[in-house]
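Got the viewer open? Grab the mouse and follow along, one selection at a time.

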Amino acid sequence: MELSIDRLTKHYGHKIAVDRVSATLGPGVYGLLGANGAGKTTLMRMLCAILEPTSGEVRLDGKDVVGMGPAYRDVLGYLPQDFGYYPSYTAAEFLSYIAALKGIPREAAGKRVKELLGMLDLTAVADKKIKTFSGGMKQRVGIAQALLNNPQVLILDEPTSGLDPKERVRLRNLLSEYAGDKIVILSTHIVSDVEAIADVVFVMNKGQFLVHGTVQELAEQVRGRVWELTVPREQARLWQEDFTVANYRHEGERVVLRIISDEKPSDGAVPCEPILDDAYLYYFGAKEA
Amino acid sequence: MELFALEHKRLWRTTRVWLCVVLCFFYCVIYTGVISYQWTYFGSEGDDPTNLYSNHFDGYSMIRTYMARADTYGDYWTDETLQNLVKDFQTMIPHTSLSSMYDWTVGLNALDLYEELEDPGGQQYQPLIHYVDTEDLTDFYTRRQDYLEHNLKVNQQNLLLTDEDVEMLREMDSHVKTPWRYEWTRGWEKTLTSTLPMLSRMAPYLAIVLGFLFSGEWHDSTAPLLHTTKYGWKKLARVKVLSGLAFAVEFYVLIAGGTVLLQLIYLGTNGWDMPIQLIKLLAVAPWNMLQAEIYELAFAFLGVIGYAGLVMLMSALVKNNVLSLVLSLAFIYVPDLFARYIPMWAQDAMQFIPMVGYPTDIFRMNIFHIFGKGVWLPWMSITIPVLIGVICLPFAIRSWARRERV
């Protein structure tokens with residue numbers, strides 16, 4: 001299975017939301033990283049064929065996804081960024097309703113709903129109205145509906161927003177386990193989520209893929225540009241004004257700064273092992289990110 | 001089918017829908033039904049004639065009293081019947097209430113034939129029935145025929161009646177077994193002129209429920225989700241339209257059923273075969289009370305279906321719940337606002353908008369003027385509104401399905 005994105009572009013008037021984006025995705029987990037307004041949601045909506053591109057196209061195994069219509073939607077699972085639900089429905093009813101819309105036979109739908117409620121730790125609240133749920137619980141219902149049809153292409157827009165740390169870990173594990181021979185694309189601006197599960201990460205800025213690669217490859221790109229420097233507390237602010245500081249840690253009366261910089265910021269700075277966060281900050285800068 | 005069942009269930013699940021159904025039921029069945037029958041409409045003997053709400057809460061027993069009294073006048077109407085009726089009324093005046101006086105409608109109507117007996121000095125500020133000498137009430141059938149001929153002539157000259165109508169009215173006695181009899185018509189009069197037309201009050205409630213059917217998906221932000229399901233927008237649109245229609249039918253059955261049930265409890269079925277001309281002499285519909293009731297129920301039902309179609313189209317055309325509601329309500333209230341400023345033909349045409357026309361038009365003479373000819377077209381009045389609604393349905397589906405991208 002192969003999902004290819006060919007010079008995908010979306011203009012809103014004079015504003016370019018997505019600018020000639022191309023990529024070929026095989027089975028695996030793909031993370032889409034970018035600041036707010038980078039074009040992630042627009043791109044994901046075009047991947048789902050619910051937003052018409054200004055130019056370019058998306059193909060699944062060589063077939064245009066728009067032309068495929070229901071055949072594409074049959075293998076697609078999507079969690080929108082602003083996940084809408086019916087407040088008066090219970091979690092089980094809502095999932096059954098979406099299952100019917102996805103054309104899943106009643107009996108199979110019943111089993112799948114039960115299974116997903118269990119997987120997402122929603123069994124205890126299955127018969128409670130969604131409007132009474134916390135943000136994290138609603139988000140889990142949204143993830144469950146995306147997984148209902150066991151999709152070959154799973155697109156999740158900000159799936160971890162609203163989830164507490166425990167839920168985020170559970171979701172990461174679930175997605176890693178689910179991926180297998182499927183294509184999973186998730187967008188987020190929480191770097192650690194992508195770092196934990198994505199096989200390939202696309203960093204997006206101003207509608208374009210700025211850089212992409214595995215977590216290790218991206219981290220490697222900033223090797224030699226990540227430094228640790230210990231300074232007196234009163235000087236910390238001055239360093240923050242002049243450099244991109246990835247981390248700020250107190251050690252007694254002194255502060256340990258993790259600085260992203262092409263040049264060695266100070267004689268006292270020591271190079272350190274880069275992580276994806278460093279790469280993200282390197283491309284966006286602390287303020288933009 | 002399963003999707004339809006789920007969508008239909010979803011429609012009924014919202015608080016807004018239940019609130020609308022309960023409020024409408026309360027207004028149409030409880031307020032204009034039970035309270036009207038039991039309290040305000042059929043007055044008690046000896047209550048305060050100046051205050052309708054001073055009646056005792058005894059409508060059910062009063063209706064039985066009126067019915068029993070009517071039975072005492074026999075089956076066949078003669079001069080003596082009218083004389084006895086008026087005599088009884090004059091005897092009862094000191095004890096009767098303003099409200100229960102309306103029970104003598106038939107007698108009051110009959111006295112229209114004796115205009116020359118009115119108080120010549122103009123000193124009596126009361127209807128003729130209060131003071132007429134009953135011995136003068138003779139030649140009822142001759143006077144009635146003269147009166148009928150005079151009115152037929154006037155209405156025919158004004159193009160309000162066709163030749164067929166005139167013939168039917170002139171010979172109407174021959175259409176029934178007993179040409180003229182005293183019947184207690186007030187119950188049927190209430191049913192046909194005020195209770196059943198009340199069903200048109202369902203319109204705003206329908207608009208509140210169905211106006212959100214499509215636009216509500218934008219409000220709930222479910223559009224992106226629904227778009228990416230296999231069946232997607234188009235099939236959902238069809239299912240929504242079907243569930244909207246199913247709701248309209250159920251809503252109608254609930255309200256109309258409640259209304260008819262009350263009618264059966266309070267009025268029974270007596271007099272179902274009376275001609276509607278007992279309520280209005282020159283009504284041209286060749287129907288009895290039951291036929292007229294069936295017509296009014298059908299009129300309201302088809303109006304509900306027609307209006308449901310219009311509302312669903314508005315809901316599919318816009319993305320905003322409030323705008324959808326305003327547009328839907330505009331169909332029923334804007335024509336009323338402008339009716340007096342537009343030509344007659346346009347006023348007539350507006351009667352075809354679902355739930356704008358009134359079923360009591362059967363008691364009018366001829367309401368439509370086509371190429372200078374006055375014609376009474378009951379079938380047009382009930383079929384065009386529903387056709388408008390039915391025509392709206394594919395457009396609703398189409399306009400909704402066209403928004404396949406968000």
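## Start with the cysteines

Zero disulfides turn up across all the chains. For a look at one of the cysteines behind that result, select C24(B): this residue is in no disulfide, and the nearest cysteine sulfur, belonging to C28(B), sits 4.0 Å away. A disulfide here needs two cysteine sulfur atoms within 2.5 Å, so that pair does not make the cut. Keep in mind as you go that this is a predicted model.

While you're in chain B, check how covered these cysteines are. C24(B) counts as buried because its relative accessibility is 0%. Now jump to C392(B): with 7% relative accessibility, C392(B) counts as buried too.

## Zoom out to chain A

Hide chain B for a moment and show chain A as a cartoon. You should be able to pick out 11 helices and 14 strands. The C-alpha trace spans about 70 × 45 × 35 Å along its principal axes. Of the 289 residues in chain A, 55% are buried.

Switch on a surface for chain A. About 12800 Å² is exposed, and carbon and sulfur atoms supply 47% of that area. Colour by charge next: chain A has 34 positive and 38 negative charges, and the mean positions of the two sets are 6 Å apart.

How much of the contact count in chain A comes from residues 24 or more positions apart? Taking contacts with a separation of 6 or more, such pairs account for 68%. The next two stops give you examples of contacts to look at.

## Select G77(A)

G77(A) is in strand β6, which covers residues 76–79 of chain A. Is G77(A) buried or exposed? With a relative accessibility of 0%, G77(A) counts as buried.

Show the surroundings. Leaving out residues up to four places away in sequence, G77(A) touches K102(A), A146(A), N149(A), P151(A), V153(A), L154(A) and I155(A). Then draw a C-alpha to C-alpha distance to N150(A): G77(A) and N150(A) are 73 residues apart in sequence, but 7.7 Å apart in space.

## Hop to Q139(A)

Q139(A) belongs to helix α6, residues 135–147 of chain A. The Q139(A) residue is buried, with a relative accessible area of 6%. What does Q139(A) touch, not counting residues up to four places away in sequence? Light up L79(A), E158(A), P159(A), T160(A), S161(A) and L163(A).

## Finish at the sheet

Now select β12, β13, β11 and β14 of chain A. These four strands make an open sheet, in the order β12-β13-β11-β14, with antiparallel pairing. Look at the edges: β12 and β14 (270–271) of chain A each have a single partner strand, so one side of each is left without a neighbour in the sheet. In general, strands of a sheet pair through backbone hydrogen bonds, so turn on the backbone atoms for this part.

Zoom in on β12 (residues 244–251) and β13 (residues 254–260) of chain A, which run antiparallel and are joined by seven bridges. Among the bridge partners, Y248(A) goes with L257(A), and E251(A) goes with R254(A).

Last stop: the turn. β12(A) and β13(A) form a hairpin with two residues between them. Click G252(A) in that turn, where phi is positive, at about 65°.

Methods:
Residues numbered from 1 in each chain as written. Chains lettered and ligands numbered in written order. Predicted model: local features only at pLDDT ≥ 70, side-chain atom pairs only at ≥ 80, totals over all residues. Heavy atoms only, no water. Buried < 20%, exposed > 50% of the residue type's maximum accessible area, 1.4 Å probe, protein only. Contact = heavy atoms within 4.5 Å. Areas by Shrake-Rupley, 256 points an atom, 1.4 Å probe, with all protein chains shown as cover. Lys, Arg positive; Asp, Glu negative; His and termini not counted. Charge placed at Lys NZ, Arg CZ, Asp CG, Glu CD. Pairing = 2+ DSSP bridges.
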